[in-house]
Amino acid sequence: MKLYAIVGSPNSRKVLAVINHLGLDVDIEYLDFFAGDNQQADYIALNPNAMVPTLVDGDLNLWESNAINQYLADKAGDESLYPKNPALRADINRWQAWELAHFNQAFGTLAFESVAKPNFMDMQGNAALIEWSQDKLARFALVLNTHLKEKTYMVGDKITLADYSIIHVEFFKEMIPFDWTPFAYVNEYFDRLRQAPHWASTAPASPELIGRKPNVQTS
């Protein structure tokens with residue numbers, strides 16, 4: 001198996017954490033975002049969205065990080081991250097769908113507009129989108145905070161795919177213009193999960209390395 005990823009990409013980190021957790025032997029090829037590697041024709045042939053990550057396993061070209069993680073857990077025969085119990089699996093699926101449609105859609109938009117654009121792309125963030133995403137994030141952070149009130153993990157009593165989905169933008173949590181003070185349980189959860197070894201090992205060594213191919217020097 002081969003995974004195409006970008007250093008610091010939240011969705012790449014999500015899949016890399018699961019690969020680490022499962023102890024899978026996967027060839028990792030890092031793309032250079034700033035060199036436009038993900039816009040090249042050979043990569044677009046694998047992933048027409050020109051985004052990461054993409055998993056290649058034989059004849060299968062699989063994109064969308066949550067689908068990749070579900071596939072990897074099933075292929076590894078691992079039921080700790082993705083139990084076959086219908087109720088538990090449905091609960092994991094529910095929170096993965098929720099993070100895509102709501103929480104991390106707001107979080108990711110805010111991070112992109114307020115952090116990624118000005119700091120990594122030399123662009124001005126869209127003020128209307130920043131305001132919209134702040135409002136949405138406040139709404140859905142409350143949902144997450146309520147859910148986590150008496151929980152250590154999203155589903156059950158140990159890390160599952162749902163946790164790697166929810167946590168995947170944590171690198172930008174303190175960088176975005178958002179007041180996390182009212183969401184104590186979310187803060188505790190993020191502080192706890194960012195220390196999880198399989199997740200922590202995927203973090204870029206510094207913000208300057210985000211989007212760069214490893215061992216490529218920047219000026």
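The paragraphs below go through the sheet, the helices packed on it and the nonpolar cores of a predicted model.

The sheet is a convenient place to start. Four strands form an open sheet in the order E2-E1-E3-E4, and their pairing is mixed. Strand E2 (27–30) and strand E4 (60–63) are the edge strands; each has a single partner strand, so one side of each has no neighbour in the sheet. On average, neighbouring strands here are turned by 20 degrees against each other when direction is ignored. Within the sheet, E1 and E2 are paired in the parallel sense, over four bridges. Tyr 4 is found opposite Glu 29 in E2.

Helices H1 and H3 both have a place against these strands. H1 packs on the sheet, where it touches E1 and E2, and its direction makes about 150 degrees with that of E1. H3 lies across strand E3 (54–57) and E4, and runs at about 130 degrees to E4.

The two helices also pack against each other. In general, a pair of packed helices is described by the angle between the axes and the distance between them. For H1 and H3 the angle is about 10 degrees, and the axes are 9 Å apart. An angle under 35 degrees counts as roughly parallel, and H1 and H3 are therefore roughly parallel to each other. On the H1 side, the residues in this contact are Asn 11, Lys 14, Val 15, Val 18, Ile 19 and Leu 22. They meet Ser 65, Asn 66, Ile 68, Asn 69, Leu 72, Ala 73 and Ala 76 in H3. By type, the residues of the contact of H1 with H3 are eight nonpolar, four polar and one charged.

What remains is the nonpolar interior. The largest nonpolar core has 52 residues, and those with the most contacts inside it are Phe 103, Phe 107, Leu 137, Leu 144, Met 154, Ile 176 and Trp 180. Two or more residues of this core come from each of strand E1 (2–5), helix H1 (10–22), helix H3 (65–76), helix H4 (86–120), helix H5 (127–147), helix H6 (161–166) and helix H7 (184–193). H4 gives the most, with nine residues.

Which residues is Ile 176 in contact with, leaving aside its neighbours within four places in sequence? They are Phe 107, Leu 110, Ala 111, Ser 114, Val 115 and Leu 137. Apart from the largest core lies another core, of seven residues, including Tyr 4, Ile 6, Tyr 43 and Val 52.

Technical notes: Residues numbered from 1 in each chain as written. Predicted model: local features only at pLDDT ≥ 70, side-chain atom pairs only at ≥ 80, totals over all residues. Heavy atoms only, no water. Core = buried A, V, L, I, M, F, W, Y, C linked by side-chain atoms within 4.5 Å. Buried < 20%, exposed > 50% of the residue type's maximum accessible area, 1.4 Å probe, protein only. Contact = heavy atoms within 4.5 Å. Axes fitted to C-alpha atoms, helices over the stretch in contact; angles between N-to-C directions. Parallel < 35°, antiparallel > 145°, perpendicular 65-115°, else oblique. Nonpolar A, V, L, I, M, F, W, Y, C, P; charged D, E, K, R; others polar. Pairing = 2+ DSSP bridges.
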